[in-house]
Amino acid sequence: MTPSQDVTTPDIQQEEYGNSELDALNELPDEVEMSLFDHLEELRQRIFYSLIGVAVGVVGCFIAVKPIVKLLEVPAQGVKFLQLAPGEYFFVSIKVAGYSGLVLSSPFILYQIIQFVLPGLTRRERRLLGPVVLGSSVLFVTGLVFAYLLLIPAALNFFINYGEDVVDQLWSIDKYFEFVLLLLFSTGLAFQIPIIQLLLGNLGIVSSQKMISGWRFVIMGAVVLGAVLTPSTDPLTQSLLAGAVLGLYFGGIGLVKLTGK
């Protein structure tokens with residue numbers, strides 16, 4: 001072999017292979033040239049389809065609203081509800097159907113969002129899409145179950161026992177469902193914390209070490225979040241939600257570490 005011949009060492013070959021693989025991950029596999037008006041038109045269609053999905057879900061839940069109302073009344077432990085104004089239960093039914101319909105139609109809405117943003121995602125970002133969507137859905141449902149089985153009964157039990165010897169337990173149905181629905185959905189949203197951490201870590205915005213280093217601020221934030229998100233003022237409910245938020249946060253750090261970030 002003469003000195004003039006090019007020799008590619010294994011390290012260089014490996015580096016070139018690694019760079020080509022990295023470039024492939026950063027490619028847009030479905031890149032299509034679209035004008036601004038085409039993007040706006042597609043966005044309009046996706047929003048329109050989503051609104052139709054929500055409308056179908058709300059109407060379907062309104063038709064079957066009585067079983068949903070009875071299910072949400074279970075944590076009240078047999079407390080009697082009053083209709084304090086004409087049509088109060090009717091408007092409560094609309095509110096319950098609206099929240100329930102939004103939950104039922106959320107997979108369809110999520111599908112429309114994914115279809116809109118998918119062409120602009122690289123291969124690396126698409127690898128995160130499946131776990132993020134699945135994890136977000138599971139955590140939201142887990143948050144609803146956690147609020148229904150633990151937070152709401154704990155808060156209601158506190159209020160019932162506090163005034164048991166002083167006042168009769170007759171509650172406004174509108175105020176009760178405002179309390180229950182707010183606590184359900186705020187808890188479901190709070191359970192999205194690990195997904196946000198996973199996205200921030202894999203996009204290189206915040207590392208797991210930085211997440212751990214800020215644990216003092218996280219504890220303070222969890223306490224504040226528990227106080228803000230819970231519509232009741234009892235310390236037990238706030239502590240339960242704050243504890244859940246802390247558990248989710250440190251669990252999210254573990255997920256980020258598993259991905260090597």
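Ala, Val, Leu, Ile, Met, Phe, Trp, Tyr, Cys and Pro count here as nonpolar, Asp, Glu, Lys and Arg as charged, and the others, Gly among them, as polar. The model is predicted, so that local features need pLDDT of at least 70 and side-chain atom pairs count only at pLDDT 80 or more, while totals for chains, interfaces and linings use all residues. Residues are numbered from 1 along each chain as its sequence is written, and side-chain values use heavy atoms, with hydrogens and water left out.

**View 1. Lining of the largest pocket, by class and by residue.** The lining has 21 nonpolar, 4 polar and 1 charged residues. The volume of the largest pocket (an open set of points on a 1 Å grid over the protein atoms alone, where a 1.4 Å probe fits, with protein on both sides within 12 Å along at least five of seven lines; lining residues have an atom within 4 Å of a point) is about 780 Å³. Among its 26 lining residues, Leu110, Ile113, Val133, Ser136 and Gln192 are the closest to the centre.

**View 2. The second largest pocket.** This pocket holds about 330 Å³ of space, and of the 14 residues that line it, Leu71, Leu72, Ser100, Leu144 and Leu184 lie nearest its centre. By class, the lining has 13 nonpolar, 1 polar and no charged residues.

**View 3. Contact of α5 with α10.** Residues of α5 that meet α10 (contact means heavy atoms within 4.5 Å) include Leu139, Phe146 and Leu150, and their partners in α10 include Leu236, Thr237 and Leu240. The contact has 11 nonpolar, 1 polar and no charged residues.

Terms used
Points joined across faces, edges and corners; volume = space filled by probe spheres on them. Helix = DSSP H or I, 4+ residues; strand = E, 2+ residues; numbered from the N terminus.
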